[in-house]
Amino acid sequence: MRNVDALVCVVDDDVSIRESVRGLLRAEGLRVETYGSADDFLARSRGEPPGCLVLDVELPGLSGLQLQRELFRSEPHIPIVFLTGHGDISMSVRAIKAGAFEFLTKPFDPEELLDAVQESLLTREYGGHRSKDQSSAQSNEIVGIGGGYRTLIKQISMVAPTDSTVLIEGETGTGKELVAREIHKLSRRKEQALVRVNCASIPKELYESEFFGHARGAFTGAIKDRMGRFEAANGGTLFLDEIGEIPLELQSKLLRALQEKQFERVGEERTRRVDVRVVAATNRDLKAEVAAGRFREDLYYRLNVFPVRVSPLRDRREDIPMLAKYFVELLAKEMKCTKPRLTEAGVIRLQEYDWPGNIRELRNVIERATILARGKVLEFDLPTTTTEAPALPSPRSLNQDKAEPEFMTEPEIQRRERENLRVVLNKTGWKVGGPSGAAELLGVKPTTLISRIKKMGLSRDAATR
């Protein structure tokens, strides 16, 4: 466990729980102080602030939730792990909206509690736990509290200081570009350029020129020498977004550039060398693409040095309260309008939806609601999901390694996504692009949505039968 010298304070009126948690944490080398009430904790001498607070909800006198609010005014940086035998959805939502790091129920799993404390200490050190003044800061845009979020933060913190190639996998709208930016920001190359290439937007005949540059006269229209993206990123980071869209016949040249860190401009024989750290992202299952013969196996293994998987929002429901709060504050500032009120009922409504467009769709929904609210209560007009979703899945389950890929491979998940997409398309009259189209509603590109519709075998005629 990291931060073995960190101080953890335990507040619980049950002596057996206090002693059990104390022994568990001390066995990991942590320093522990225990208190029987919130008032006892507040009366402690103002010395070293705890690195983490393990807090019961039901306490004599001041409750755990009231102590949380009190601490948020004076010491907002202390991560709180709630430990309670009275957990329910509404209480969890209130605690998480107020900034709780974790919400566990008694009888607790010792390993689960240790993981929560460890991750809270790691996240505080890393800077992921946000104070009320930081919640809308642009310097740290990755928001969350759950197991999936904490695993992502841990992976970023481990790989960022290295020069290893990173492959970020995840569905459209999950924030893969934010992850790439965070990796660059925490790397030794942070003072140099982060150069982004959208591999899906480059015409096939211009790939080589875009990546490696060209010499004057190399082809019709090449009126002067041009530097490619590899050269532009020299000393910094090259972010290859939507890497799975590169045509198969061009992948060998990319592989050589990645392996040897050298290339030639189109129409030029001189070999140029670069010092570039590569981060790639894809919403495709590249293993399946390799098996189908659409992606080179050697290129896949060259990219997949350190894989980072970004979970879809439907698997991160416990992060939705914090994400919603973040977007409300951010959008109110961007729009220069009065901040509307986010209610508990509104948060629960957001948690019940399956979010096929992920975080991008959530942002768009909150933006529309902010415009309509005019500074009052936010109301969310969302399609009704076809299956009942759990309001707060266990952070523990989200933190476990999965043997199967998270892309739509399981029949049940495929069915749910297909039905959710059908609801959105019916709502827009099967209008995909343009204002009020399904792509805008879901927060995805029209071309991406069209591809998804074809992949799922959806058609308007079938929908109206």
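1. Terms first. Helices (H or I, at least four residues) and strands (E, at least two) are DSSP runs, numbered from the N terminus. On that basis, Asp319 sits in the loop between β14 (306–309) and α13.

2. Basis of the model. This is a predicted model: local features need pLDDT of at least 70, side-chain atom pairs count only at pLDDT 80 or more, and totals for chains, interfaces and linings use all residues. Residues are numbered from 1 along each chain as its sequence is written, and side-chain values use heavy atoms, with hydrogens and water left out.

3. Overall make-up. The protein has 20 helices and 14 strands. Of its 465 residues, 52% are buried. Buried means under 20% relative accessible area, exposed over 50%, and partly exposed in between (1.4 Å probe, protein chains only). About 21200 Å² is exposed, and carbon and sulfur atoms supply 49% of it. These areas come from the Shrake-Rupley method with a 1.4 Å probe; for residues, only the protein chains shown count as cover.

4. Contacts. A contact means heavy atoms within 4.5 Å. Take the contacts with a separation of 6 or more: residues 24 or more positions apart account for 73% of them.

5. The parallel sheet. Five strands form an open sheet in the order β2-β1-β3-β4-β5, with parallel pairing. Two strands pair if DSSP finds at least two bridges between them. β2 and β5 (102–105) stand at the edges with a single partner strand each, so one side of each has no neighbour in the sheet. Neighbouring strands are turned by 20° against each other on average, direction ignored. Axes here are lines fitted to C-alpha atoms, for helices over the stretch in contact; angles run from 0 to 180 degrees between N-to-C directions.

6. β1 and its partners. Strand β1 (residues 7–11) runs parallel to β2 (residues 31–35), and five bridges join them. β1 also pairs with β3 (residues 52–55) in the parallel sense, over four bridges. On the β2 side, Cys9 has Glu33 as its bridge partner. On the β3 side, Val11 is matched with Leu55.

7. Helices at the sheet. β1, helix α1 (residues 15–26) and β2 make a right-handed β-α-β unit. Right-handed means that, with the strands pointing away from the viewer, the path from the first strand over the helix to the second runs clockwise. Helix α3 (residues 64–74) lies across β3 and β4 (80–84), running at about 170° to β4.

8. Cysteines. The structure holds zero disulfides. Cys9 is in none, and the nearest cysteine sulfur, that of Cys52, is 9.1 Å away. A disulfide needs a pair of cysteine sulfur atoms within 2.5 Å. Cys9 counts as buried because its relative accessibility is 0%. Cys199 is also buried, with a relative accessible area of 0%.

9. Asp319. This loop residue counts as buried, since its relative accessibility is 0%. Leaving aside neighbours within four places in sequence, Asp319 is in contact with Gly144, Ile145, Gly146 and Tyr149.

10. Positive phi. Two residues deserve a look. Lys336 has a positive phi of about 55° although it is not a glycine. Lys336 is in the loop between α13 (320–335) and α14 (344–352). Its relative accessibility is 75%, so Lys336 counts as exposed. Trp355 has a positive phi of about 50°, and is not a glycine either. Trp355 lies in the loop between α14 and α15 (358–373). Trp355 is buried, at a relative accessible area of 0%.
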